Amino acid sequence: MHEPEKGKRIMSFEKILIANRGEIAIRVMRTCREIGIKSVAVFSTEDRKSLFYRLANESYLLKGTEIQDTYLNIEKMIYIAKKTGCGAIHPGYGFLSENPTFVDACESAGVKFIGPKSATMKKVGDKARIKKIMEAAGIPVLPSFENPDDTEELADIVRRIGFPLIIKPTFGGGGKGMKIVYSEPELVPAIQFAQNMGRTAFGNPAFYVEKYLENSRHIEVQILADGQGQIVDLGERDCSIQRRHQKLIEESPSPALNRELRRQVADLARRAAQAVEYENAGTIEFLFEDGKFYFLEVNARIQVEHPVTELVTGIDLIKEQIKIAAGEPIKISKKRTVPNGWAIECRINAEDPESNFMPSPGQITGYRSPGGIGVRVDSGVFMGFSIPPQYDSLISKLTVWGRNRNEATARMRRALDEYVILGIKNTLPLYRAIFREKEFLKGKHATSYIDKHLQGLLQDVEQHTNKFQERMLTSIFHNDRGMPVCDAYLVNEEFPVFYT
Ligand code: ADP
């Protein structure tokens, strides 16, 4: 690693390895290009036809069919970083991004890991332990118990906390292995489910039992910490639109908070970051119900939904991550941390909302992404690209900015209407319905929104799609061999169809 020189503005790294794939790899490369850092990409055989690695300055194939041989392979990542002369590794999200062993391996190899220290990661990765640390720091948490091992103890917990409860794997993530329990007979199967998922997906069967809040919102705070005493919060994101405890739509600021609540949650987040000596970019997650915040967890990485914060603050979070990793103190004025306007992101997934959001990988046969004022698309897909079944089902992230929530929702409606993805089932039609639905538009929704409204939303989708699909398909321009030669056009019942 190159030590940062005194007085040098930015970037002691000449080259960065990006240990990830898809849209987040492209996102990191974009910043690298803007600030004059070369990027090195890695890709698996399944990703041979992907776009992301072709945008890097250099790219290396990770051989093997198992994910342990490719994006989870620590030795290969370090070997390539050293071989190519990378001073740092950006882990993106998922894969190795929250793996303390990887952080230690980077450190031993003299390659800077762009993220928090491994000690912090170990603390926050244990979701039961981190709650105790936060409680000791005076941050409110929901009552919970770890690994109660006999029915006697379980009965005692039920007496003390009462139903509903939620059972979660202690070392889990991505909403996996969690189950809500409303009555005694559901308890043991839910525990077995969490233990099994913990064992198979996270290598540890530990679980905890927590009070379940039925009408809560998910509010999280983006923080930046430079490890030199500065902790800056960049406002909150509201991620209450979820399916299977995983986020679908995120916005900043939250429509549920006023100025005082906003200040409260930002204070709690800064204190939480301090309690674990946090360094680099991170997110402190809370549940919010009846005017109170409860600490949920710390995400020790850049998050999927970071663009909403970037749009309301104008701060490039990846650039900040790199600067902090290079040893620079944060130089952001207080004024810039106050969000300007409103941003909303939709995660466009290759999945079928009608079949319980089952993944729908396959080939994109027609594609046109929206544009225009206040519209941002983060994606690595193109017409003809096949979404590989091995990885997550994210096709793209559509994020819009408006001066206020009304302008942002109108802009998102317009952008969703412009967006054409053909050939695979995806969440666009559902989002179009959500952006027509009253409770969401009023900003009154809780995390139970999708469960509560799915049937109505799907009916709305049905009413709207038939006409829409038909006209959209006729709008693809074909050459004399019957191949589509350009993207699909914007068409729906409210707009005229254009032919060229
Ligand atoms: P993961 O780390 O797997 O993402 P989290 O603990 O962050 O799991 O929770 C994910 C989501 O599950 C939350 O955003 C929320 O919607 C729901 N959830 C988790 N714990 C609770 C709880 N105690 N009460 C209500 N909802 C919860």
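User: Let's start with His245: is it buried, partly exposed or exposed?
Analyst: Bear in mind that this is a predicted model. His245 sits in the loop between strand 11 (231-243) and strand 12, and its phi is positive, near 60°, although it isn't a glycine. The buried class stops under 20% and the exposed class begins over 50%. His245 has a relative accessibility of 31%, so it counts as partly exposed.

User: And Asp290, buried or exposed?
Analyst: Asp290 is another non-glycine residue with a positive phi, about 50°. Its place is the loop between strand 13 and strand 14. The cut-off for exposed is over 50%, and Asp290 has a relative accessible area of 71%, so it is exposed.

User: What about Phe295, buried or exposed?
Analyst: Phe295 belongs to strand 14 (residues 292-299). Buried means under 20% relative accessible area. Phe295 comes in at 1%, so it is buried.

User: Which residues is Phe295 in contact with, leaving aside its neighbours within four places in sequence?
Analyst: Phe295 is a buried residue of strand 14. Its contacts are Ile130, Lys131, Met134, Ile139, Pro140, Val141, Ile284, Glu285 and Phe286.

User: How many Å apart in space are Phe295 and Lys15, C-alpha to C-alpha?
Analyst: Along the sequence, 280 residues separate Phe295 and Lys15. In space, their C-alpha atoms are apart by 37 Å.

User: On to the ligand: which residues around it are the closest?
Analyst: The shell around the ligand holds 21 residues. By type, they split into seven nonpolar, eight polar and six charged. The closest are Gly175, Lys211, His218, Gln242 and Glu297.

User: How many Å lie between an oxygen atom of the ligand and an N or O atom in the side chain of Glu297?
Analyst: Glu297 is one of the closest residues to the ligand. A pair of N or O atoms counts as a polar contact within 3.5 Å. The Glu297 side chain meets that with a distance to a ligand oxygen of 2.7 Å.

User: Which residue has a backbone N or O atom 2.9 Å from a nitrogen atom of the ligand?
Analyst: There's a side-chain case to set aside here: a polar side-chain atom of Lys127 is 2.9 Å from a ligand oxygen. The backbone atom that lies 2.9 Å from a ligand nitrogen is from Leu213.

User: What percentage of the ligand's own accessible area does the protein cover?
Analyst: On its own, the ligand has 550 Å² of accessible area. Elements giving two or more residues to the shell are strand 7 (165-169), strand 9 (207-211), strand 13 (280-289) and strand 14. The share covered by the protein is 96%.

User: Which domains does the ligand lie between?
Analyst: The domain assignment gives domain 1 (15-114), domain 2 (143-211) and domain 3 (217-475). The ligand's shell takes residues from both domain 2 and domain 3, so the ligand lies between domain 2 and domain 3.

User: Is Ser254 buried or exposed?
Analyst: Ser254 is in the loop between strand 12 (246-252) and helix 8 (259-275). Its contacts, leaving aside neighbours within four places in sequence, are Arg217, Ile219, Glu236, Asp238, Arg262 and Trp342. With a relative accessibility of 0%, it counts as buried.

User: Which residue makes a cis peptide bond with Pro253?
Analyst: Pro253 is in the loop between strand 12 and helix 8. The bond leading into Pro253 has omega near 0°. The residue on the other side of that cis bond is Ser252.

User: What is omega near for the cis peptide bond from Phe163 to Pro164?
Analyst: Pro164 is in the loop between helix 6 (151-161) and strand 7. For the cis bond that joins Phe163 to Pro164, omega is near -5°.

User: Which residue caps the N-terminal end of helix 3?
Analyst: Helix 3 (residues 100-109) has Pro100, Phe102, Val103, Cys106 and Ala109 buried. At its N-terminal end, a side-chain oxygen of the capping residue is 2.9 Å from the backbone nitrogen of Thr101. That cap is Asn99.

User: How many of the eight residues of helix 9 are buried?
Analyst: Helix 9 covers residues 306-313. The buried ones are His306, Pro307, Val308, Thr309, Glu310, Val312 and Thr313. Of the eight, the number buried is seven.

How values were computed. Residues numbered from 1 in each chain as written. Predicted model: local features only at pLDDT ≥ 70, side-chain atom pairs only at ≥ 80, totals over all residues. Heavy atoms only, no water. Helix = DSSP H or I, 4+ residues; strand = E, 2+ residues; numbered from the N terminus. Buried < 20%, exposed > 50% of the residue type's maximum accessible area, 1.4 Å probe, protein only. Contact = heavy atoms within 4.5 Å. Near = heavy atom within 4 Å. Polar contact = N/O pair within 3.5 Å; in protein donor to acceptor, adjacent residues only side chain to side chain. Areas by Shrake-Rupley, 256 points an atom, 1.4 Å probe, with all protein chains shown as cover. Nonpolar A, V, L, I, M, F, W, Y, C, P; charged D, E, K, R; others polar. Domains from an automatic or database assignment.
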